[in-house]
Amino acid sequence: MTNDAHARLRDEWRLAAPLIDGFTPEVTETLVVTNPATGAQVGRVALADVRHADEAVAAAVRAFPGWRDIPTTERGAMVLAAVDAVEAIADELAALISLEVGKVLHEAQGDVRGSLAMVRGMVQLVAELEAGEDRTGLPGTGQASFVRLRHVPVGAVAVIGPWNTPIFLTFNAIAPALAAGATLVVKPAVEAPLALTAMLRAMAEHLPDGVINVVPGRGSVVGQHLAEHPDVRAVSFTGSTGTGRRIAAAAAANIKKVALELGGNDPAVVLESAEITDSLIAELVAGCFAMTGQICFNIKRIYVHRSRHDELVEKLSAAVSRIVVGDAFDPDAHIGPLATRDGYDNALRLLDEARAAGAVVRELGIRADSADWTAGNYIAPTVVTGIAADHELVLDEQFAPIIPIVPFDTDEEAIVEANRTEFGLASSIWSQDLRHAEAVARRIEAGNTFINAHRLGASVPLVPFGGVKQSGLGRTHLLYSLEHVTDEHGIVGFSHPAAQLPGITRWQTVLADHPAKENV
Ligand code: NAD
């Protein structure tokens, strides 16, 4: 299946090749990028190696002072011109994401257009912050006659991205870095490098060489090397918790800033006071199954009060039965296949183990004609009940369109179960009684707890997004994203010689009583 944008894809976009200081270096090894809906080749990735990573960091370091020192409005105008250039090919980039990730077209369009909006917002925010914050005269500034606090770019920033939302999630760091005047070395995931690389190459044409460098390569080689590199001042990573641990350890060797957006196992807690309405079911279904269950903060487990369990399972199952599974370009499809074969094999294993443990596994949904079930990584949207609360499908991240439902008897029990894992990304409480919902929400260990929602739109920009416990370190959204790629720079001034800092009298005496000795 195709669409118009698919037909317009340029051949050069089908090779994700490194970009270093404006040049494309020779690369000896390539890997095939496959379409998870068919297993067919979509393109290739030219694998960068450690030498390329070193050259890319050197280019980013060289380009940094010049980029930083361009006046903010001028730099912002250059970044906006780069964004405008991408706007012109946004539909094509979305089609490329659909081909390499398998996600349905409107989700892929959100990935591209959301990233462009993020860059525009960051350019505006940085322009507003340009002057720095004047703290003169505020309590805590002592005798200082001039106090200013600025955000200054850190230098070269490494961004290591995942395959599930390859553009938007890397732009969480790319957008603030570009706007603030930091330079970039971006390592796309080898599973889905095409659209991100094409987009960054299109943007780089409008920026000085070395500001954006791209090194598609193996995570354990190029990603690890970037995390360890002494000239990289900040590393931003989105991916699994295991890799996040390795990156944090590597980055510790030379004290760089680390932002980790890691895995999640988000609980949704449906309280006794919840009324199981159609809109509640629609929100729950979106929260569980959007992007085929491969969003870091999809609902990954539902806890429901026992008195509501059967009604919820029945209504949710009826709704899930209407989800159409198909090819990314099928306009009727709600979800596509899983993006990777490993993820697909893992999902099938979890279902087999749940069945073997006596759980009730309902494979639901509608198989669209566009879905080649034998060649693609297709999994039916699945509702699992009668499963033990400590089963792996409940306590670990499935990253698939499978939702386990577990009953509880008291709020206390639900809170203990929700907090039982080492993950703490997002979470949700469901009830029309907002006081009851908030009382429970306050006791959930997570970066965000939504009430009566749990999907992309619920993560509003003014509230920081990120994880607690082993779901991450640092936050994204507006100023919070900017903090990772900038350092705070305080300028504290005293109107000489009036200032009398504690201890100055002693030094004045020293100077008066002891004329300088002649050097011998
Ligand atoms: P992954 O950890 O396997 O890979 C992510 C990136 O890290 C890839 O580019 C990979 O090449 C690279 N990498 C692998 N080993 C590395 C190493 N030793 N050093 C440096 N880089 C290395 O993750 P994934 O499977 O691509 O992504 C899925 C995971 O990401 C899920 O757990 C999901 O929950 C999580 N995720 C989290 C968020 C969030 O915002 N918290 C968002 C999206 C995805």
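Student: What makes Thr382 part of a strand, and which one?

Tutor: Thr382 is found in strand β16, residues 382–385. The model is predicted, by the way.

Student: Why is Thr382 called buried?

Tutor: Buried means under 20% relative accessible area. Thr382 has a relative accessible area of 0%, so it is buried.

Student: How do you know which backbone atom the side chain of Thr382 contacts?

Tutor: A polar atom of the Thr382 side chain lies 2.6 Å from the backbone oxygen of Ala380. The cut-off for a polar contact is 3.5 Å, so this pair qualifies.

Student: Let's turn to α4. How do you know that the span of helix α4 agrees with what is expected?

Tutor: Helix α4 covers residues 90–101, twelve residues. At 1.5 Å a residue it should span 16 Å, and its end C-alpha atoms are 16 Å apart, which agrees.

Student: What makes α4 "mostly covered"?

Tutor: Eleven of the twelve residues of α4 are buried. Among them are Ala90, Glu92, Leu93 and Ser98.

Student: Why does Ser98 count as buried?

Tutor: Ser98, which lies in helix α4, has a relative accessible area of 1%. The limit is under 20%, so Ser98 is buried.

Student: And what makes the pair of Ser98 and Lys103 a polar contact?

Tutor: A polar atom of the Ser98 side chain is 2.9 Å from the backbone oxygen of Lys103. With a cut-off of 3.5 Å, that pair is a polar contact.

Student: Now the ligand. Which residues come nearest to the ligand?

Tutor: There are 28 residues around the ligand, and Gly161, Ser240, Thr243, Leu262 and Glu397 come nearest. A residue belongs there if one of its heavy atoms lies within 4 Å.

Student: What makes Trp163, Gln224 and Thr243 polar partners of the ligand?

Tutor: Each has a pair of atoms to set against the 3.5 Å cut-off. An N or O atom in the Trp163 side chain is 2.8 Å from a ligand oxygen atom. For Gln224, a polar side-chain atom lies 2.9 Å from a ligand nitrogen atom. For Thr243, a polar side-chain atom lies 2.8 Å from a ligand oxygen atom.

Student: How much of the ligand does the protein bury?

Tutor: The protein buries 89% of the 850 Å² that the ligand exposes when taken alone.

Student: Which elements give two or more residues to the shell around the ligand?

Tutor: They are α8 (219–228), β9 (232–238) and α9 (241–252). The most comes from α8, with four residues.

Student: How do the residues of that shell divide by type?

Tutor: Twelve are nonpolar, twelve are polar and four are charged.

Student: Why is the ligand said to lie between domain 1 and domain 2?

Tutor: Domain 1 (2–261 + 477–488) and domain 2 (266–466) both give residues to the shell, so the ligand lies between them.

Student: Let's look at backbone angles. What makes Asn452 stand out?

Tutor: Asn452 has a positive phi of about 60° although it is not a glycine. Its place is the loop between β19 (448–451) and β20 (472–473).

Student: Why is Asn452 called partly exposed?

Tutor: Partly exposed falls between the 20% and 50% limits. Asn452 is at 27% relative accessibility, so it counts as partly exposed.

Student: What can you say of phi at Leu478?

Tutor: Leu478 also is not a glycine, and it has a positive phi of about 40°. Leu478 is in helix α16, residues 478–485. Its relative accessible area is 31%, so Leu478 is partly exposed.

Student: Why is Gly326 called buried, and where is it?

Tutor: Gly326 is in the loop between β13 (324–325) and α12 (341–356). With a relative accessible area of 0%, set against the limit of under 20%, Gly326 is buried.

Student: Is Asp352, in helix α12, buried or partly exposed?

Tutor: Asp352 is at 47% relative accessibility, and exposed would need over 50%, so Asp352 counts as partly exposed. Asp352 and Val112 are 240 residues apart in sequence, and their C-alpha atoms are 36 Å apart in space.

Student: Last one: why does Ala251 count as buried?

Tutor: Ala251, in helix α9, is at 0% relative accessibility, so it counts as buried.

Key
Residues are numbered from 1 along each chain as its sequence is written. This is a predicted model: local features need pLDDT of at least 70, side-chain atom pairs count only at pLDDT 80 or more; totals for chains, interfaces and linings use all residues. Side-chain values use heavy atoms; hydrogens and water are left out. A polar contact is a pair of N or O atoms within 3.5 Å; within protein, one must be able to donate a hydrogen and the other to accept it, and residues adjacent in sequence count only if both atoms are side-chain atoms. Accessible areas come from the Shrake-Rupley method with a 1.4 Å probe; for residues, only the protein chains shown count as cover. Ala, Val, Leu, Ile, Met, Phe, Trp, Tyr, Cys and Pro count as nonpolar, Asp, Glu, Lys and Arg as charged, and the others, Gly among them, as polar. Domain bounds come from an automatic or database domain assignment. The expected span of a helix is 1.5 Å times one less than its number of residues. Buried means under 20% relative accessible area, exposed over 50%, partly exposed in between (1.4 Å probe, protein chains only).
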